[in-house]
Amino acid sequence: MSTELTQRVAKRAQTKATGKQVAPAGQQPLSQFVQEMRGELARALPQHLTPDRIARIALTELRRVRHLAECTRASFGGALMTCAQLGLEPGGALGEAYLLPFFNKDARVYEVQLVIGYQGMIKLFWQHPLAAGLDAQVVYADDEFTYAYGLDPVLRHVPSMAADRGQPVAYYAVARLKNGGSAFVVLSPGDIEAVRRRSKARDSGPWRTDYDAMAKKTAIRQLFKLLPKSSELAQAVAHDGMVRRDATADGIDAVPDYIEGETVDASDTTGEPSDPASDSPSDTATDAS
């Protein structure tokens, strides 16, 4: 058995025995790293957030999200710094941003993928001086819905008052600007599924727990291609779904990495933690393809 494999098997055995997530060999626990980052976070955060709050949320996520504490320090620090610089809270409570662990098949380590949430995208849109209105909705089969693109675009949606409005048939996002301009994008359920299937987190995280919110976020992302963006919003779009390994202030301007990997089940752990070996990628080389 290789040294790397022996260490990983031992780490999983310790996790199973103690119920605690274990940091990679040779790496200090990420809970300690969060405390060390307070100074850098304080310099990066906007006025409405404090380093104490971000640190408290990060520590909660490390306990709550399975495998997150097993991620590399570089990727965790990079994701946390991106949240700080964009002014987004890195936890699922507000839906602004999510820290999702995934298994990097090439490096054979867990890394943090930052996913900007629906509420996070809306929050950043409102920072643009031309922002006047933004909305995203789900259209159900029993709703009245009409739209048309072209020289005279039309969008009309009257939700049904029935208790059961039927299955979703469309998702749309619409924005208004202070200069009188407006734009909208309509996506079918098939369009949304095509985007979800391309995501590393397609079967976990917010795609599993908040599908409609992620579908509306997808429509908003498509809409942003037609609108002027603040620098923060442009950075959020660039870092969404990526891995940042540079926790310095300048790292926000670098192009983050898209790493081919396997997202693991990052659901909340309540009660007894499950066997890490049952829901993590296999240690065998044949499963690394």
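**Exercise 1. The surroundings of helix α4**

Task: State which elements cover the buried residues of α4, and determine whether the length of this helix agrees with its number of residues.

Solution. The cover over the buried residues of α4 includes α2 (30–36), α3 (38–44) and α5. This arrangement is read from a predicted model. The residues of α4 that are buried are Ile54, Ala55, Ile57, Ala58, Leu59, Glu61 and Leu62. For the length, take helix α4 as residues 51–64, which makes 14 residues. At 1.5 Å a residue, and counting one less than the number of residues, the expected span is 20 Å. The end C-alpha atoms of α4 are 20 Å apart, which agrees with that expectation.

**Exercise 2. The loop between α4 and α5**

Task: For His67 and Glu70, both in the loop between α4 and α5, decide whether each is buried or exposed.

Solution. Begin with His67, which has a relative accessibility of 1%. Buried means under 20%, so His67 counts as buried. Its backbone deserves a remark: the phi of His67 is positive, near 75°, in a residue other than glycine. Next, Glu70 has a relative accessible area of 5% and is therefore buried as well. Glu70 also lies 9.6 Å from Val112, C-alpha to C-alpha, with their positions 42 residues apart in sequence.

**Exercise 3. Helix α5 and its enclosure**

Task: Explain why α5 may be called largely enclosed by the rest of the structure, and describe the surroundings of Thr82.

Solution. First, count the buried residues: 12 of the 14 residues of α5 are buried, so the helix is largely enclosed by the rest of the structure. Among them are Ser75, Phe76, Gly77, Gly78 and Thr82. Second, test the length of α5. Its 14 residues should span 20 Å at 1.5 Å a residue, and the distance between its end C-alpha atoms is 20 Å, in agreement. Third, consider Thr82, which lies in this helix. Its relative accessible area is 0%, so Thr82 is buried. Leaving out residues up to four places away in sequence, Thr82 touches Leu114, His239, Arg244 and Ile252. Finally, the residue that follows α5 is Gly87, with a positive phi near 75°.

**Exercise 4. The nonpolar cores**

Task: Identify the residues with the most contacts inside the largest nonpolar core, and the helix that gives the largest share of this core.

Solution. The largest nonpolar core has 63 residues, and Phe76 and Ile220 have the most contacts inside it. Helix α5 (residues 73–86) supplies the largest share, seven residues. Another core, of five residues, lies apart from the largest one and includes Val139, Ala170, Phe184 and Val186. A general tendency serves as background: in soluble globular proteins, nonpolar side chains tend to be buried together. As for Ile220, its contacts beyond the neighbours within four places in sequence are Tyr118, Met121, Ile122, Leu134, Ala136 and Ala173.

**Exercise 5. The largest pocket**

Task: State the volume of the largest pocket, which residues are the closest to its centre, and which element gives the most to its lining.

Solution. The volume of the largest pocket is about 510 Å³. Its lining has 21 residues, of which Val195, Ser199, Lys217, Arg221 and Asp240 are the closest to the centre. Two or more lining residues come from each of β2 (109–116), α7 (189–198) and α9 (211–224). The most is given by α9, with six residues. By character, the lining comprises nine nonpolar, five polar and seven charged residues.

**Exercise 6. Two further loop residues**

Task: Classify Arg108 and Pro159 as buried, partly exposed or exposed.

Solution. Arg108 is placed in the loop between β1 (97–104) and β2. With a relative accessible area of 15%, Arg108 is buried. Although not a glycine, Arg108 has a positive phi of about 60°. Pro159 belongs to the loop between β5 (154–158) and β6 (168–177). At a relative accessible area of 41%, Pro159 is partly exposed. Apart from residues up to four places away in sequence, Pro159 touches Asp143 and Arg165. Pro159 and Tyr140, 19 residues apart in sequence, are separated by 7.7 Å, C-alpha to C-alpha.

Conventions
Residues are numbered from 1 along each chain as its sequence is written. This is a predicted model: local features need pLDDT of at least 70, side-chain atom pairs count only at pLDDT 80 or more; totals for chains, interfaces and linings use all residues. Side-chain values use heavy atoms; hydrogens and water are left out. A nonpolar core is a set of buried Ala, Val, Leu, Ile, Met, Phe, Trp, Tyr and Cys residues joined through side-chain atoms within 4.5 Å. Buried means under 20% relative accessible area, exposed over 50%, partly exposed in between (1.4 Å probe, protein chains only). Helices (H or I, at least four residues) and strands (E, at least two) are DSSP runs, numbered from the N terminus. Contact means heavy atoms within 4.5 Å. On a 1 Å grid over the protein atoms alone, a cavity is a set of points where a 1.4 Å probe fits but cannot get out, and a pocket is an open set with protein on both sides within 12 Å along at least five of seven lines; lining residues have an atom within 4 Å of a point. Grid points are joined across faces, edges and corners, and a volume is the space filled by probe spheres set on the points. Ala, Val, Leu, Ile, Met, Phe, Trp, Tyr, Cys and Pro count as nonpolar, Asp, Glu, Lys and Arg as charged, and the others, Gly among them, as polar.
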